[in-house]
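Visitor: I've never looked at this one before. Could you walk me through it, one small question at a time?

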Amino acid sequence: MADIFDVIADATRRELLQHLLDASLRGEGGTGELSVGELVERMDATQPTVSKHLKVLRDHGLVTVRDEGQHRYYAVDPAPLEDVEDWIIPFLSADFDPESGSPVFAAWSGADVSGAGSTVGRVAADASHQARSIIEGAQEKLHDVQEAVTKRLPWKNHDEGR
């Protein structure tokens with residue numbers, strides 16, 4: 001299975017994502033969704049080509065689809081692009097200095113800094129993404145616990161009875 005970088009490397013898929021993003025930002029149709037037919041009209045591509053690329057985007061979670069009758073409506077889902085963001089952020093850092101010979105830059109640029117053939121940059125990006133996912137999950141659990149505790153507080157129930 002292709003990784004997210006392979007998926008967005010294709011110009012047609014990037015154009016589809018751009019059209020869906022534009023529709024989302026404009027709130028087209030009230031939902032920000034576009035049908036396959038609407039996407040075909042906006043692009044210099046045939047319906048089978050658009051459908052083929054939408055399937056790839058859907059399989060990788062970059063778009064959501066909603067069926068309504070015989071029509072399918074697509075919307076962009078940027079969540080999988082977090083891998084790309086995790087990888088590119090170090091390059092956009094304000095303190096980025098390629099002249100410094102920094103091992104951090106070398107690692108993030110994908111250079112082999114281990115001597116053992118592994119790419120530290122990819123490992124670091126994966127670790128960053130995993131850490132963010134764990135933190136987000138913990139925050140959701142904490143929120144759930146806070147709600148449960150608040151519901152059990154005696155003064156909370158007492159105040160609601162007034």
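**Getting to know the chain**

Visitor: Let's start with L92: which helix does it lie in?
Guide: Helices here are DSSP runs of H or I with at least four residues, strands are runs of E with at least two, and both are numbered from the N terminus. By that count, L92 lies in helix α5 (residues 82-92).

Visitor: What should I know before trusting numbers like these?
Guide: This is a predicted model, where local features need pLDDT of at least 70 and side-chain atom pairs count only at pLDDT 80 or more, while totals for chains, interfaces and linings use all residues. Residues are numbered from 1 along each chain as its sequence is written, and side-chain values use heavy atoms, leaving out hydrogens and water.

Visitor: Is L92 buried or exposed?
Guide: Buried means under 20% relative accessible area, exposed means over 50%, and partly exposed is in between (1.4 Å probe, protein chains only). L92 has a relative accessible area of 65%, so it counts as exposed.

Visitor: Which residues make the nonpolar surface patch?
Guide: A patch takes residues with over 30% relative accessible area and no salt bridge, joining like charges within 9 Å and nonpolar side chains (Val, Leu, Ile, Met, Phe, Trp, Tyr) within 5 Å. The areas come from the Shrake-Rupley method with a 1.4 Å probe, and for residues only the protein chains shown count as cover. This patch covers about 280 Å², and its members are I88, I89 and L92.

Visitor: How many helices and strands are there in the chain?
Guide: From the N terminus on, the elements run α-α-β-α-α-β-β-α-α-α-α. Tallied up, that is 8 helices and 3 strands.

Visitor: What share of the chain's residues counts as buried?
Guide: The chain has 162 residues. Of these, the buried part comes to 22%.

**The sheet**

Visitor: In what order do the strands form the sheet?
Guide: Strands of a sheet pair through backbone hydrogen bonds, either parallel or antiparallel. In this open sheet the pairing is antiparallel, and the order is β1-β3-β2.

Visitor: Which are the edge strands?
Guide: An edge strand pairs on one side only. Here that describes β1 and β2.

Visitor: Over how many bridges do β2 and β3 pair?
Guide: Two strands count as paired if DSSP finds at least two bridges between them. β1 (residues 34-35) and β3 (residues 71-76) have 2 bridges. For β2 (residues 63-68) with β3, the number is 6.

Visitor: Which residue in β3 is the bridge partner of V65?
Guide: Going through some pairs, V63 has V76 as its partner in β3, and S35 stands opposite Y73. L34 is bridged to Y74. For V65, the partner is Y74.

Visitor: Which residue in the hairpin turn has a positive phi?
Guide: β2 and β3 form a hairpin with 2 residues between them. The phi in question is about 65°, and the residue is G69.

**Charges**

Visitor: How many salt bridges does the count come to?
Guide: Side chains of opposite charge can pair when their charged atoms come close. The rule asks for a side-chain nitrogen of Lys or Arg within 4 Å of a carboxyl oxygen of Asp or Glu. By this rule, the total is 5.

Visitor: How far apart are the closest N and O atoms of E33 and R66?
Guide: These two form a salt bridge, with their closest N and O atoms 2.5 Å apart. The pair links distant parts of the chain, 33 residues apart, with E33 in the loop between α2 and β1 and R66 in β2. E33 counts as buried at 14% relative accessibility, while R66 is partly exposed at 31%. Again, the distance is 2.5 Å.

Visitor: In which helix do D59 and K55 both lie?
Guide: Their side chains meet in a salt bridge (2.8 Å, N to O). D59 and K55 are 4 residues apart, about one turn of the helix, and that helix is α4.

Visitor: Which residues do salt bridges with shared partners join into one network?
Guide: The bridges in this network share partners. The joined residues are E33, R66 and E68.

Visitor: Which residues gather in the patch of negative charge?
Guide: Asp and Glu count as negative, Lys and Arg as positive, and His and the chain ends are not counted. Each charge is placed at NZ of Lys, CZ of Arg, CG of Asp or CD of Glu. One member, E140, sits in helix α7 (residues 120-152) and is exposed at 54%. The full patch is E136, E140, D144 and E147.
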